[in-house]
Amino acid sequence: MSWRKSSASGGGQECVEVAAAGPAVLVRDSRDTSAGFLTLDPAQWKALLAAIRNGELEGR
């Protein structure tokens, strides 16, 4: 599986990594990759991206 980090992270460790797994998207903490990951279906992934873009997760 190939994990990738956003190019906007600037190489920092304060972000998440994502990987494709068939139709699902896997999301994990880049600081603690051994802690496991979330598995999101396409609708959940789209909802997460929309919430991020809309600033709904700021300060959490």
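I take two strands as paired if DSSP finds at least two bridges between them. The model I have open is predicted.

**Overall layout.** I looked up the secondary structure first. The chain has one helix and four strands, and along the sequence they follow the pattern β-β-β-β-α. Of its 60 residues, 20% count as buried. I noted an accessible surface of about 4500 Å² for the chain, with 52% of that belonging to carbon and sulfur atoms. Among contacts with a separation of 6 or more, I found that 10% are between residues 24 or more positions apart.

**The sheet.** I then traced the strand order. The four strands form an open sheet in the order β1-β2-β3-β4, and the pairing is antiparallel. Which strands stand at the edges? They are β1 (4-5) and β4 (38-40); each has a single partner strand, so one side of each is left without a neighbour in the sheet. I also checked what packs on the sheet, and it is helix α1, residues 42-53, which touches β2, β3 and β4. I read an angle of about 105° between the direction of α1 and that of β4.

**The β2-β3 hairpin.** I went through this pair residue by residue. Strands β2 (residues 16-21) and β3 (residues 24-29) run antiparallel and are joined by six bridges. Ala20 has Val25 of β3 as its bridge partner, and Ala21 stands opposite Ala24 in β3. The hairpin has two residues between the strands, and I noted that Gly22 takes a positive phi near 65° there.

**β3 and its other neighbour.** I followed β3 across to β4. The two pair in the antiparallel sense over three bridges, with Leu26 opposite Thr39 of β4. Is β3 mostly buried or exposed? Five of its six residues are buried, so β3 is largely enclosed by the rest of the structure. The cut-off I used for buried is under 20% relative accessible area.

**Ala43.** My last entry is on a residue of the helix. Ala43 lies in α1. I looked up its relative accessible area and got 56%. Exposed means over 50%, so Ala43 is exposed at 56%. I also checked how far Ala43 is from Ala24, the residue opposite Ala21 in the hairpin. Their C-alpha atoms are separated by 9.5 Å, and the two residues are 19 residues apart along the chain.

Key. Residues are numbered from 1 along each chain as its sequence is written. This is a predicted model: local features need pLDDT of at least 70, side-chain atom pairs count only at pLDDT 80 or more; totals for chains, interfaces and linings use all residues. Side-chain values use heavy atoms; hydrogens and water are left out. Contact means heavy atoms within 4.5 Å. Axes are lines fitted to C-alpha atoms, for helices over the stretch in contact, and angles run from 0 to 180 degrees between N-to-C directions. Buried means under 20% relative accessible area, exposed over 50%, partly exposed in between (1.4 Å probe, protein chains only). Accessible areas come from the Shrake-Rupley method with a 1.4 Å probe; for residues, only the protein chains shown count as cover.
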